[in-house]
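Let's walk through this structure together, one strand at a time. The model comes first, and the report follows.

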Amino acid sequence: MLPEFRNNRSLENFYDMMDNFFNYDSNRNDFKLDIKEDDKSYKVICEMPGVKKENINIDYEDQNLTVNVKKEDKTNEENKNYIKKEIRSFNSKRTIRIPNVDSGNIKASLKDGILEIELPKDKSQLSKRIEIE
């Protein structure tokens, strides 16, 4: 069933659905994220339920932000009579290209299962108009 295209948001949802369908990997444990931009910075917001900050690594190199998560299931295996078991260990890594970042001032915080990464823009790297002499 295809969504109605009443506005651009519906169209974006359709493209997201198609991307998810054609790029689906049943073993994938990717976390969800949003990216916002304003005049001064980019903000990456990631869902990290049940993940401690010690299990998250964030790197910015060559205009790429990489968030690597390792979550381990530490349940007691004495009682193995599961009817259903969905809690598990996983590793997930997402890399996003974000250019023109002042890498020395990147900040991150984790609160209530939400990781927020603020990447201030490097004003010296922003484009500018060149006048012809």
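Ser 41 belongs to strand 2, which covers residues 41–47. In this predicted model, Ser 41 has a relative accessibility of 9%, and because the cut-off for buried is under 20%, Ser 41 counts as buried. Leaving aside residues up to four places away in sequence, the contacts of Ser 41 are Lys 36, Glu 118, Leu 119, Pro 120 and Lys 121. One of these contacts, Lys 121, also has its charged end over the ring of Tyr 42, at 5.1 Å from the ring centre.

**The four-stranded sheet**

Strand 2 is part of an open sheet of four strands in the order 1-2-7-6, with antiparallel pairing. Its edge strands are strand 1 (33–37) and strand 6, and each of them pairs on one side only. From one strand to the next, the twist averages 15°.

Strand 2 and strand 7 run antiparallel and are joined by seven bridges. Cys 46 stands opposite Leu 115 of strand 7. On to the next pair: strand 6 and strand 7 also run antiparallel, with five bridges between them, and Lys 111 has Ile 114 in strand 7 as its bridge partner. These two strands make a hairpin with two residues between them.

**The three-stranded sheet**

A further open sheet has three strands in the order 3-4-5, and the pairing is antiparallel. Strand 3 (56–61) and strand 5 are at the edges with a single partner strand each, so one side of each has no neighbour in the sheet. Here the twist averages 10° from one strand to the next.

Strand 3 and strand 4 pair over six bridges in the antiparallel sense, and Asn 57 stands opposite Asn 68 in strand 4. Strand 4 and strand 5 are antiparallel too, paired over eight bridges, with Lys 70 opposite Asn 91 in strand 5.

**Positive phi values**

Most residues other than glycine have a negative phi. Which residues here have a positive one? Three are listed below.

| Residue | Phi | Place |
|---|---|---|
| Asp 62 | about 50° | turn of the hairpin of strand 3 and strand 4 |
| Asn 100 | about 60° | loop between strand 5 (90–97) and strand 6 (107–111) |
| Asp 112 | near 55° | loop between strand 6 and strand 7 (114–120) |

The hairpin that holds Asp 62 in its turn has two residues between its strands. Is Asp 112 buried or exposed? With a relative accessible area of 73%, Asp 112 is exposed, because the cut-off for exposed is over 50%. Asn 100, at 22% relative accessibility, counts as partly exposed.

**The nonpolar core**

How many residues are in the largest nonpolar core? That core has 18 residues, and those with the most contacts inside it are Met 48, Val 67, Val 69, Ile 98 and Leu 119. Strand 2, strand 4 (64–71), strand 5 and strand 7 are the elements that give two or more residues to this core. Leu 119 is thus a residue to look at twice, as it is among those with the most contacts inside the core and is also one of the residues that Ser 41 touches.

Met 48 is another good place to click in your viewer. Not counting residues up to four places away in sequence, Met 48 touches Phe 31, Ile 56, Val 67, Val 69, Leu 110, Gly 113 and Leu 115. Among these contacts of Met 48 are Val 67 and Val 69, which are themselves listed with the most contacts inside the core. Leu 115, also touched by Met 48, is the residue that Cys 46 stands opposite.

**Rings and charges**

Phe 31, one of the contacts of Met 48, has Arg 94 over its face, at 5.9 Å from the ring centre. As for rings paired with rings, the count comes to zero aromatic pairs.

**The chain as a whole**

Stepping back, the protein chain has one helix and seven strands. Read along the sequence, these follow the pattern α-β-β-β-β-β-β-β. The protein chain has 133 residues, of which 20% count as buried. Among its contacts with a separation of 6 or more, 51% are between residues 24 or more positions apart.

Conventions:
Residues numbered from 1 in each chain as written. Predicted model: local features only at pLDDT ≥ 70, side-chain atom pairs only at ≥ 80, totals over all residues. Heavy atoms only, no water. Buried < 20%, exposed > 50% of the residue type's maximum accessible area, 1.4 Å probe, protein only. Contact = heavy atoms within 4.5 Å. Core = buried A, V, L, I, M, F, W, Y, C linked by side-chain atoms within 4.5 Å. Pairing = 2+ DSSP bridges. Axes fitted to C-alpha atoms, helices over the stretch in contact; angles between N-to-C directions. Phe/Tyr/Trp six-rings, centres within 6.5 Å; stacked < 30°, edge-to-face > 60°. Lys NZ or Arg CZ within 6 Å of the ring centre and 35° of its normal.
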